[in-house]
Structures are given as structure tokens and as C-alpha cells.
Amino acid sequence: MKGIQDYYPDHFAQCYGCGRLNEHGHQIKTNWNGAETITKFVPKTYHTAIPGFVYGGLLASLIDCHGTGSAALALAKAKNIVLDKSNAPRCVTASLQVKYLKPTPIGSEIEIKGIISEITERKVKVSCELFADDMLCVTGEVIAVLVPDNFGKPKNANLQ
Ligand SMILES: CCCCC/C=C\C/C=C\C/C=C\C/C=C\CCCC(=O)SCCNC(=O)CCNC(=O)[C@H](O)C(C)(C)COP(=O)(O)OP(=O)(O)OC[C@H]1O[C@@H](n2cnc3c(N)ncnc32)[C@H](O)[C@@H]1OP(=O)(O)O
């Protein structure tokens with residue numbers, strides 16, 4: 001199934017967490033699920049912290065990219081953008097806060113819900129809840145900021 005990440009231009013599709021063009025990355029897909037957003041991911045055994053449990057840095061990474069993806073979805077909806085090819089709003093993480101409530105068991109599918117808690121012209125706050133085996137294991141707060149199309153591109157390509 002496609003996600004908002006399939007509507008970023010190639011330049012913004014290299015992200016380790018969600019870039020569809022990063023063959024080594026997680027390639028998560030973020031979608032609406034009613035008024036909330038959702039993504040799913042199955043950690044591999046090499047994502048282990050201690051045997052049986054998922055490495056927390058991976059979980060933070062998934063929340064990070066689900067947060068920015070959720071922000072892009074919310075901005076697209078707020079600005080009445082019909083997603084097509086590479087016209088998704090592009091957001092970077094300004095802030096990421098993660099709370100690990102319970103060890104996250106490895107081996108089952110992780111589900112992350114996103115709730116848009118605040119949205120302005122350029123800034124979106126997303127509250128995330130990460131579940132494994134229907135158990136709330138991690139929560140996260142992402143502040144994502146809309147960036148221009150030339151974000152991260154060299155100011156003068158001739159100098160590169
Ligand atoms: C070059 C490294 C970044 C690479 C990112 C890669 C791709 C991203 C590009 C497009 C996205 C497309 C696809 C998604 C792909 C990947 C997802 C990436 C997830 C990440 O892995 S991304 C890497 C880590 N990320 C950064 O590398 C950001 C570094 N940073 C900056 O580039 C600036 O810092 C920026 C742009 C964040 C803001 O700068 P700015 O000048 O444009 O805007 P300004 O400062 O005015 O803030 C506007 C409003 O955000 C509030 N605000 C700002 N910072 C805050 C904070 N820390 N806490 C609470 N609120 C904050 C202000 O308070 C104000 O709020 P208000 O409007 O209410 O006053």
C-alpha cells in the first residue's frame with residue numbers, strides 16, 4: 001500500500017527511516033486511519049536490544065518518520081492538496097521526545113498511531129503511540145516543520 005512517503009520527490013525519498021529509495025532503510029509508509037495516522041513495521045532479529053526485545057533507537061526512528069509523515073499528511077489535508085506524484089508537503093523533525101513505557105517484544109508487528117495535536121501554517125505537533133502485541137510500549141511527541149523545496153540542496157550547485 002502507498003503512503004505519504006510515495007509522494008515525496010526523489011531528493012526527499014532517501015531518508016533512512018522512510019525513504020522509498022533507501023534500500024538499507026526502514027521504508028515505512030504512513031497513512032490516515034480515520035482521524036489518526038498509522039504505520040506498521042516488523043522488526044528483524046538484528047534490531048535486538050537484548051534478546052526478545054527491540055532496540056529503542058529503532059523505535060525512536062520509526063516514531064520520528066511516522067511523525068514527519070503524519071505532519072505531511074495533516075498539512076496536505078489542511079491546504080487541500082490532492083496527493084499526486086511528488087507534491088507532498090515536506091517536513092523535517094524539529095523536536096523528538098520519546099518515552100519507553102515497557103520493553104517492546106520482538107517478533108510481532110509494531111503499530112504506531114499518530115494524533116495531530118496542533119497544526120499551524122508551518123508547524124505540526126504529532127503525538128505517537130507505539131503498540132506491540134496490543135500493548136502500549138512507547139509514546140512519542142514529534143514537532144515537524146514544513147521546509148521549502150530547496151531544503152538541503154546546495155545554494156550554488158557550481159561550487160559542489
Ligand atoms: C540537512 C539535514 C536534514 C535532513 C532532512 C532530510 C529530509 C527532510 C526534507 C524533507 C522531508 C521530506 C521527506 C521526509 C524525509 C525524512 C524525514 C526526516 C526526519 C528527519 O530525520 S529530519 C533530520 C533532523 N532534523 C533536522 O536536521 C532539522 C534541523 N533544523 C532545521 O533545519 C530548522 O531548525 C527547522 C527547519 C526545524 C526550523 O527552522 P526555520 O528557521 O525554518 O523555522 P523556525 O525556527 O522559525 O521554526 C518554525 C516553528 O517551529 C518551531 N520550532 C523550531 N524548532 C523547534 C524545536 N526544536 N522545538 C520546538 N519548536 C521548534 C518554532 O518555534 C516555530 O514555531 P512557531 O511558528 O509556532 O513560532
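The following exchange concerns a predicted model of a protein chain with a ligand.

Biologist: What makes up the secondary structure of the protein chain?
Modeller: The protein chain has one helix and six strands. In sequence order the pattern is β-β-α-β-β-β-β.

Biologist: Why is the protein chain called as compact as a globular protein of that length?
Modeller: For 160 residues the globule rule gives 15 Å, and the radius of gyration is 16 Å, close to that value, so the chain is as compact as a globular protein of that length. The C-alpha trace spans about 50 × 35 × 30 Å along its principal axes.

Biologist: What share of the residues counts as buried?
Modeller: A residue is buried if 20 or more other C-beta atoms lie within 10 Å of its own. By that cut-off, 35% of the 160 residues count as buried.

Biologist: Where does UniProt place the feature "domain: Thioesterase"?
Modeller: The unreviewed UniProt entry puts it at residues 52-135. Over residues 52-135 the chain is 27% helix and 37% strand, with the end C-alpha atoms 15 Å apart.

Biologist: How do you know which residues surround the ligand?
Modeller: A residue is near the ligand if its C-beta atom lies within 6 Å of it. There are 21 residues around the ligand, and the closest are Phe-12, Cys-15, Arg-90, Ala-94 and Ser-95.

Biologist: Which element gives the most to the shell around the ligand?
Modeller: That is β3, with five residues. At least two residues each come from α1 (56-78), β3 (91-100) and β6 (135-146).

Biologist: How many residues of the shell are nonpolar, polar and charged?
Modeller: The shell divides into 12 nonpolar, five polar and four charged residues.

Key: Residues are numbered from 1 along each chain as its sequence is written. This is a predicted model: local features need pLDDT of at least 70, side-chain atom pairs count only at pLDDT 80 or more; totals for chains, interfaces and linings use all residues. Helices (H or I, at least four residues) and strands (E, at least two) are DSSP runs, numbered from the N terminus. The radius of gyration is taken over C-alpha atoms; the globule rule is 2.2 Å times the number of residues to the power 0.38. A residue is buried if 20 or more other C-beta atoms lie within 10 Å of its own, exposed if 12 or fewer, and partly exposed in between; C-beta atoms are placed from the backbone. UniProt positions are given in the numbering used here, feature names are shortened, and annotations may be inferred rather than shown by experiment. Ala, Val, Leu, Ile, Met, Phe, Trp, Tyr, Cys and Pro count as nonpolar, Asp, Glu, Lys and Arg as charged, and the others, Gly among them, as polar.
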